[in-house]
Amino acid sequence: MRARGVKAQIYHSFFRWSGQNEWMPDRMGQKFIPHVIIWDEVCTVPWPILETFLAWLEQRGVQVICCGDQGQPPSIGGEMPHDWLHEHFDYYEEVEVNHRAKEDALKALKRAIRLQTNKVQCQERRSPAA
């Protein structure tokens with residue numbers, strides 16, 4: 001992205017948050033906030049943290065486009081945000097075509113864990129291949 005002149009950074013860096021303590025809006029200081037943010041890999045952010053950041057951005061009139069993958073491993077710190085996003089925002093669309101997985105075994109695993117709970121996803125990933 002940077003090679004194309006697009007400023008990209010992970011959410012920890014953008015929000016000036018270490019992940020160790022509760023995030024406070026004053027950490028943002030005078031930081032420039034664009035009018036539109038494309039947030040990729042949103043699935044890796046636990047929904048309570050995502051909710052905090054999205055509410056802060058919404059108060060500032062920022063349009064946020066969230067992108068993610070239902071087959072993404074669950075975040076270490078909490079629940080995946082898909083259901084929460086679906087319930088709280090104007091538009092939510094799931095793309096069901098997998099353009100990236102080339103191996104049949106990986107495609108099957110992704111189909112098996114899609115929309116499953118974090119516990120089921122982790123169990124499926126850890127089970128030996130058939």
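**Phe-15 and its surroundings**

Hi everyone, let's start with one side chain. Leaving aside residues up to four places away in sequence, Phe-15 touches Trp-23, Arg-27, Met-28, Trp-39, Phe-53, Trp-56 and Leu-57. Please keep in mind that this is a predicted model.

So where does Phe-15 fit in? The largest nonpolar core has 19 residues, and Phe-15 is among the four that touch the most other members, along with Trp-39, Leu-50 and Leu-57. Two of those names, Trp-39 and Leu-57, you have just heard as contacts of Phe-15.

Which elements give two or more residues to this core? They are helix 1 (11-14), strand 1 (36-39), helix 2 (47-59) and helix 3 (82-88). Helix 2 gives the most, with 5 residues.

Now please move one place along the chain, to Arg-16. Arg-16 sits in the loop between helix 1 and strand 1. Its phi is positive, near 55°, and Arg-16 is not a glycine. As a reminder, most residues other than glycine have a negative phi. Is Arg-16 buried, exposed or partly exposed? Its relative accessibility is 36%, so Arg-16 counts as partly exposed.

There is another residue of this kind to look at, Glu-41. Glu-41 is found in the loop between strand 1 and helix 2. Here too phi is positive, about 55°, in a residue that is not a glycine. Glu-41 counts as partly exposed because its relative accessibility is 30%.

That's my tour, from Phe-15 in the largest nonpolar core to Arg-16 and Glu-41 in their loops. Thanks for listening!

Key:
Residues are numbered from 1 along each chain as its sequence is written. This is a predicted model: local features need pLDDT of at least 70, side-chain atom pairs count only at pLDDT 80 or more; totals for chains, interfaces and linings use all residues. Side-chain values use heavy atoms; hydrogens and water are left out. A nonpolar core is a set of buried Ala, Val, Leu, Ile, Met, Phe, Trp, Tyr and Cys residues joined through side-chain atoms within 4.5 Å. Buried means under 20% relative accessible area, exposed over 50%, partly exposed in between (1.4 Å probe, protein chains only). Helices (H or I, at least four residues) and strands (E, at least two) are DSSP runs, numbered from the N terminus. Contact means heavy atoms within 4.5 Å.
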